[in-house]
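User: I have a model open and would like to go through it with you. Can we take it piece by piece?
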2 protein chains.
Amino acid sequence: MTPILTVFKWSPDGGSGLARDMRVRWALEEVGQDYEVRFVTFKQMKEPEHRARQPFGQIPAYEEDGLRLFESGAIIHHLAQTHPGLLPADKAARARAVTWMFAAVSTVEPPIVEREQADFTDADQPWKHPARFAFLDDRIRARLADLSAYLGDRDWLDGDFSAGDLMMVLVLRRADPALVAEFPNLAAYVARAEARPAYQRAYAAQHALYGGKAPPMSEW
Amino acid sequence: MTPILTVFKWSPDGGSGLARDMRVRWALEEVGQDYEVRFVTFKQMKEPEHRARQPFGQIPAYEEDGLRLFESGAIIHHLAQTHPGLLPADKAARARAVTWMFAAVSTVEPPIVEREQADFTDADQPWKHPARFAFLDDRIRARLADLSAYLGDRDWLDGDFSAGDLMMVLVLRRADPALVAEFPNLAAYVARAEARPAYQRAYAAQHALYGGKAPPMSEW
């Protein structure tokens, strides 16, 4: 069966490729695997039918021949087991690429998402304070500085492009571009990834859905 | 060669098993793999020698026959490729177990760590406010409620015990126990895991190092 990817009916990012289904779309394009999409509204995401696919009521979810998976990292890991092109064949190189998949979601992403959420969670709250935003930005900077120092003049994190780069680039795209721009080698790394044909196809596919005029919020 | 795990010289948790090397120690015990430990002080963690093993200056780091890995999830994933006992052999079951490894670090852990850090980051800051702590606790509750609803009366997240459970249990142990206790099946799940002989051996190994009187902070 053609795999089915469950995605937002309307993405709050307006098609800028920041929703986590973009990670899976890009991976599917890298390996040349066709897929279908199923849409869920914000309301449907919290209902039992979707929670049977994704217990935390989030997107993406993935189905293939009776196998149901969630977590973008895990879906991409699965695709890498069944298709060439996402993880190296050499065992040691493969283990290092998996390291970067986990580093993306576990070490680099949390401060970026926390800063992003603060724009909403702190609004109208008694703890809203500009110093907190500056503190959160500095925490992102510390991670970016470490990553930039490691990357140096490498094209990709470890040898050829891998799922580790795919995950890391989409995490970096979620940060304030002005912060990433403070580290020219990271900005160039993101641009290098965005130039890949598979990225462009994946971006276009989601942008075709969400890039237009936003529907009323009741339809999200 | 015997694998080498790099760990804190002194763990700020005083041996309660919350540092992330505990995940790898437990996995090594589950598969019966001996290991050696290398200690790093807080100062050494930020120096070039350690950053060559762990670019973000954190623990744990792992070395084995010239292979250097970091990120507890990736180290455990590697151990599962080379030893039976951490991930199921069946491909679909294996993919689902990997899903739970990512769910642990990417979906359940971030709000727990954010709350834990707030005790330190908010102290003496102009944004310190009790309402923020309550908000952060509620965000953890929402994740725990989803996980509890999914777990139901299962013993483990998906079939037999796997690396997904190992990761999830140690993430849950990092939350305020009073929050986890609001969900009796989650509290029982944690207790079930803690009763495993491999967990007990791993816990004892780190507690033997950190369970005594704390040295002066200059020696951490």
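User: Which residues of chain A does UniProt list for "domain: GST C-terminal"?
Analyst: This is a predicted model, to start with. The UniProt record, an unreviewed entry, lists residues 90-217 of chain A for that domain.

User: What is the helix and strand content over residues 90-217 of chain A?
Analyst: That stretch is 73% helix and 0% strand. Its end C-alpha atoms lie 48 Å apart.

User: On to the two chains. How many residues does each give to the contact?
Analyst: Chain A gives 41 residues and chain B gives 41 residues. The area buried between them is about 3800 Å², with 69% of that from carbon and sulfur atoms.

User: Which residues of chain B lose the most area to chain A?
Analyst: Phe56(B), Phe102(B) and Trp127(B) do, and together they account for 20% of what the chain B side buries.

User: Any polar business there? How many salt bridges cross the interface of chain B and chain A?
Analyst: The rule finds 2 salt bridges across it. One of them joins the side chains of Asp146(B) and Arg51(A), at 2.9 Å from N to O. The count of residue pairs in polar contact between the chains is 9.

User: Which elements give two or more residues to the side of chain B that touches chain A?
Analyst: In chain B they are strand 4 (67-70), helix 4 (72-82), helix 5 (91-121) and helix 6 (130-151). Helix 5 of chain B provides the largest share, 17 residues. Sorted by class, that side of chain B has 21 nonpolar, 10 polar and 10 charged residues.

User: How are the copies related? What rotation superposes chain B on chain A?
Analyst: A rotation of 180 degrees, with 0.0 Å of shift along the axis and an RMSD of 0.0 Å. The two copies are therefore related as by a two-fold rotation axis. They meet through the same surface, because 100% of the interface residues of chain B are also interface residues in chain A.

User: Which residue of chain B comes closest to the rotation axis?
Analyst: Trp127(B), whose C-alpha is 2.4 Å from the axis. Trp127(B) is also among the three residues of chain B that lose the most area to chain A.

User: Leaving the interface, how many salt bridges are there over all chains?
Analyst: The search of the whole structure finds 44. Arg201(B) and Glu29(B) form a salt bridge, with their closest N and O atoms 2.8 Å apart.

User: Where do Arg201(B) and Glu29(B) lie?
Analyst: Arg201(B) is in helix 10 (residues 197-210) of chain B and Glu29(B) is in helix 1 (residues 21-31) of chain B, so the pair ties together parts that are 172 residues apart in sequence.

Terms used. Residues numbered from 1 in each chain as written. Chains lettered and ligands numbered in written order. Predicted model: local features only at pLDDT ≥ 70, side-chain atom pairs only at ≥ 80, totals over all residues. Heavy atoms only, no water. Contact = heavy atoms within 4.5 Å. Buried area = accessible area lost by both parts, 1.4 Å probe. Salt bridge = Lys/Arg side-chain N within 4 Å of Asp/Glu carboxyl O. Polar contact = N/O pair within 3.5 Å; in protein donor to acceptor, adjacent residues only side chain to side chain. Helix = DSSP H or I, 4+ residues; strand = E, 2+ residues; numbered from the N terminus. Nonpolar A, V, L, I, M, F, W, Y, C, P; charged D, E, K, R; others polar. Least-squares fit on C-alpha atoms with pLDDT ≥ 70 in both. UniProt positions renumbered as here; feature names shortened; annotations may be inferred.
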